[in-house]
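Student: I would like to learn how to read the features of a model like this one. Can we go through them one at a time?

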Amino acid sequence: MKKLLTLIGCSAMLLSACDLETGKMFDSAYDFRGLPKAERNPVVTENPQKHQKYEVTVTFKDAPGKFEVAKAEEVYAAFNCTHTTNRIAGATDVARYYPEFTLQKISDTVYRGEFYTDRPLNEDYYGQGVCLWENFGVSLAFKADNDQKSTYFSESIDKEILEKLSEKGATAKLVFYHQKRNYPVATWLDDETGFVSLGITTEEAQQKNIDLKGTFSIEVEIRRM
């Protein structure tokens, strides 16, 4: 009877390989719950031998107020691995990974933190072979407070900038500008989840003919460690 019940259980789990005594799945294409690996987000293993380390220092200049909330993420994608986002529609997407790292508030105008560009370990997360992770930079976001309507002041550090910092001690400095009128809340926009203000550089402002009058700056300095 035990084996019969086990066989029924195995059949219900899409006829995957199964231990007849315990009913335990051992097909590498499925996780321990019997869910296809390609239809769930993986728990990514952290690389135990990370060595691409950076320090980032963020300085607010002429800002209209304090920034009490900070969020920072490393951005990765593995283009050789996909997962299902909608089974009915047959929609898929490449594997993505956004681990957060801590930005410590040094003062009312300065935050500092450390991040890596080789955090995820290349492993078989979806039963499709080894996922090859590639870093696409870093994302930073700041808010005046935890109010849902408060504006997110966001900066993106592209991978090309980080790749140039190949030697220890190498540094890069970026300056982004934001409109003061969007702090702490963009009152001209009725948005319950907070307006996202994307910082622009001086070069971008010139190319798009954007007047930087009435702006404040966020300076981002990156150092390879």
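Tutor: Yes. Keep in mind that this is a predicted model. Start with exposure. Val196 has a relative accessible area of 42%, so it counts as partly exposed. Val196 lies in strand E10, residues 196–198.

Student: Which residues form a nonpolar patch on the surface with Val196?

Tutor: Tyr152 and Leu198 join Val196 in that patch. Together the three have about 270 Å² of accessible area.

Student: Now the opposite case. Why is strand E11 described as largely enclosed by the rest of the structure?

Tutor: Count its buried residues. Strand E11 covers residues 215–224, and 8 of its 10 residues are buried, so the rest of the structure largely encloses it.

Student: Which strands pair with E11, and in what sense?

Tutor: Take them in turn. Strand E1, residues 53–61, pairs with E11 in the antiparallel sense over 8 bridges. There, Glu55 stands opposite Arg223 of E11. Strand E9, residues 171–179, also runs antiparallel to E11, and 9 bridges join the two. Gln179 has Thr215 in E11 as its bridge partner.

Student: Next, salt bridges. What is the general idea?

Tutor: Side chains of opposite charge can pair when their charged atoms come close. In this structure there are 15 salt bridges.

Student: Which salt bridge involves strands E9 and E11?

Tutor: Look at Lys173 and Glu219, whose closest N and O atoms are 3.5 Å apart. This pair links distant parts of the chain: Lys173 is in E9, Glu219 is in E11, and 46 residues separate them. Now compare exposure. Lys173 is exposed at 53% relative accessible area. Glu219 is buried at 14%.

Student: What does strand E1 contribute?

Tutor: Lys53, which lies in E1, while its partner Glu114 lies in strand E6, 61 residues apart along the chain. Their salt bridge has an N to O distance of 3.2 Å. Lys53 is partly exposed at 23% relative accessibility. Glu114 is partly exposed too, with a relative accessible area of 38%.

Student: How should I read Lys71 and Glu73?

Tutor: Their side chains meet in a salt bridge of 3.7 Å, N to O. Lys71 counts as partly exposed, at 41% relative accessibility. Glu73 has a relative accessible area of 18%, which is under the 20% cut-off, so Glu73 is buried.

Student: Which residues are linked in a network of salt bridges?

Tutor: Glu46, Lys50, Glu74 and Arg119. Lys50 has another contact to note. Its charged end sits over the ring of Tyr116, 5.0 Å from the ring centre.

Student: That brings us to rings. How many aromatic pairs are there?

Tutor: The count is 16. One of them joins Phe101 and Phe115, a tilted pair with 5.3 Å between centres and 35° between planes. Phe101 is in strand E4, residues 100–101, and Phe115 is in strand E6, residues 110–116, so read this as a link between distant parts of the chain, 14 residues apart. Phe101 and Phe115 are both buried.

Student: And Tyr111 with Phe142?

Tutor: That pair is tilted as well: 5.6 Å centre to centre, with the planes at 50°. Tyr111 sits in E6 and Phe142 in strand E7, residues 134–143, with the two positions 31 residues apart in chain numbering. Tyr111 and Phe142 are buried.

Student: Which cluster do Tyr111 and Phe142 belong to?

Tutor: Ring pairs link them with Phe60, Phe67, Phe153, Tyr183 and Phe216.

Key. Residues numbered from 1 in each chain as written. Predicted model: local features only at pLDDT ≥ 70, side-chain atom pairs only at ≥ 80, totals over all residues. Heavy atoms only, no water. Buried < 20%, exposed > 50% of the residue type's maximum accessible area, 1.4 Å probe, protein only. Helix = DSSP H or I, 4+ residues; strand = E, 2+ residues; numbered from the N terminus. Pairing = 2+ DSSP bridges. Patch = residues over 30% accessible without salt bridge, like charges linked within 9 Å, V, L, I, M, F, W, Y side chains within 5 Å. Areas by Shrake-Rupley, 256 points an atom, 1.4 Å probe, with all protein chains shown as cover. Salt bridge = Lys/Arg side-chain N within 4 Å of Asp/Glu carboxyl O. Phe/Tyr/Trp six-rings, centres within 6.5 Å; stacked < 30°, edge-to-face > 60°. Lys NZ or Arg CZ within 6 Å of the ring centre and 35° of its normal.
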